[in-house]
Amino acid sequence: MPRRQFAHKAGGGKTTRAISERGGQGAKRIESVDRSKQAASDDVPREKPRFAAGLYIVATPIGNLRDITLRALDVLAAAEIVACEDTRVTEKLMSRYGLGGQRLPYHEHNAEGMRPLLLEKLKAGAVVALVSDAGTPLISDPGFKLVRAAIAEGIAVTTLPGPSAALAALVLSGLPSDRFFFQGFLPPKETARRRVLGEIAPLQATLIVYETGPRLAPTLTDMAEVLGERPATVARELTKLYEELRRGSLAELAAHYATAGAPKGEIVIVIGGADEAAARAAITDDDIDAALEAALATMSVKDASTAVAEATGRPRREVYQRALALAARGE
Ligand code: SAM
């Protein structure tokens with residue numbers, strides 16, 4: 001079996017990267033990996049690339065382990081310390097790519113104690129990489145206070161950007177991506193959840209919410225009641241074998257998961273903003289019939305009603321009934 005390739009072949013010439021960090025202590029730069037000195041291994045860079053001291057915020061895959069960038073692998077190979085949310089989770093990624101390096105846990109329960117230690121190491125000139133279990137650190141994950149403290153200390157901070165479930169779900173949702181609001185997790189308790197939903201309801205931006213399988217149905221029910229009739233997408237297990245995208249109105253999705261039960265895996269809910277809701281509300285029955293008539297010219301009743309329901313955000317059942325009536329009239 002051919003070995004998987006991820007390391008750069010030698011001979012690519014010198015690659016210089018730099019960031020500027022404007023802080024109290026002036027511009028700081030993190031730079032330079034000389035790839036011409038890297039070994040030509042298919043699996044692991046044999047010679048550690050050199051990186052300047054600093055804090056590197058490294059995004060990791062949200063499912064598919066091949067969604068790691070070459071530069072992230074360079075930094076993880078070079079880092080004296082890899083601060084991980086859960087060392088066992090990061091171990092899987094590191095061993096997949098044959099990476100060593102000291103792993104230290106940095107999570108919400110030990111962050112207060114670990115932060116001074118990491119800052120000491122950084123001030124002493126260490127390359128420290130921060131990773132979370134999946135995706136981009138700081139996005140519903142630990143790291144913000146460490147970044148803030150590093151900036152305050154004049155330590156160079158840069159990022160190795162990569163996957164984040166929020167953006168992956170947004171781009172697949174079919175909802176407007178020009179303005180969006182990332183909510184992260186809603187409160188688990190119903191009263192608090194509804195209060196937060198009420199706060200974000202007026203936003204004229206697509207809403208992105210992280211959720212767990214067991215809470216999906218109750219959350220969608222609250223959303224349907226507080227946010228009203230809006231188009232939404234449930235994005236599940238993104239980049240994984242059983243990736244699934246289910247689109248419909250909030251009420252339809254709530255009804256589906258109330259009967260289907262709690263789905264397995266990781267979930268993002270993407271919901272149309274208040275402007276989408278208003279636009280959908282402005283669609284009249286005549287508009288629906290016109291769209292259906294056009295669709296029925298080339299599609300079956302079922303396909304036409306699915307297409308029009310998705311495009312207009314109207315409940316599928318209602319659109320299907322109208323399509324049946326139109327089709328009967330046309331016979
Ligand atoms: N930092 C991560 C990021 O950048 O996306 C998010 C971490 S947060 C603790 C974990 C949540 O992200 C999950 O509960 C789920 O809502 C979402 N998530 C992570 N991976 C996902 C995937 N492959 N598919 C769908 N949602 C995912």
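**Exercise 1. Find which residue of β5 is the bridge partner of A83, and place both strands in their sheet.**

Step 1. The bridge partner of A83 in β5 is L104. Strands here are DSSP E runs of at least two residues, and helices are H or I runs of at least four, numbered from the N terminus. The model is predicted: local features need pLDDT of at least 70, side-chain atom pairs count only at pLDDT 80 or more, and totals for chains, interfaces and linings use all residues. Residue numbers start from 1 along each chain as its sequence is written.

Step 2. Strand β4 (residues 81-84) runs parallel to β5 and is joined to it by four bridges. Two strands pair if DSSP finds at least two bridges between them.

Step 3. The open sheet has five strands in the order β5-β4-β6-β3-β7, with parallel pairing. Its edge strands, β5 (102-105) and β7 (157-160), each pair on one side only. On average, neighbouring strands of this sheet are turned by 25° against each other, direction ignored.

**Exercise 2. Determine whether A165 is buried or exposed, and describe its surroundings.**

Step 1. A residue is buried if 20 or more other C-beta atoms lie within 10 Å of its own, exposed if 12 or fewer, and partly exposed in between; C-beta atoms are placed from the backbone.

Step 2. Because A165 has 22 other C-beta atoms within 10 Å, A165 is buried. A165 belongs to helix α5 (residues 165-173).

Step 3. Neighbours within four places in sequence aside, A165 is in contact with I62, G135, L238, E266 and V268. Contact requires C-beta atoms, placed from the backbone, within 7 Å. The C-alpha atoms of A165 and T239 are separated by 9.3 Å, although these residues are 74 residues apart along the chain.

**Exercise 3. State which residues come nearest to the ligand, and explain where the ligand lies.**

Step 1. Of the 24 residues around the ligand, G135, S164, A165, Y210 and E266 come nearest. A residue is near a molecule if its C-beta atom, placed from the backbone, lies within 6 Å of it.

Step 2. Two or more residues of this shell come from each of α5, β9 (206-212), β10 (231-236) and β12 (266-271).

Step 3. The ligand lies between domain 1 (21-163) and domain 2 (166-279), because both give residues to the shell around the ligand. The domain bounds come from an automatic or database domain assignment.

Key:
Contact = placed C-beta atoms within 7 Å. Axes fitted to C-alpha atoms, helices over the stretch in contact; angles between N-to-C directions.
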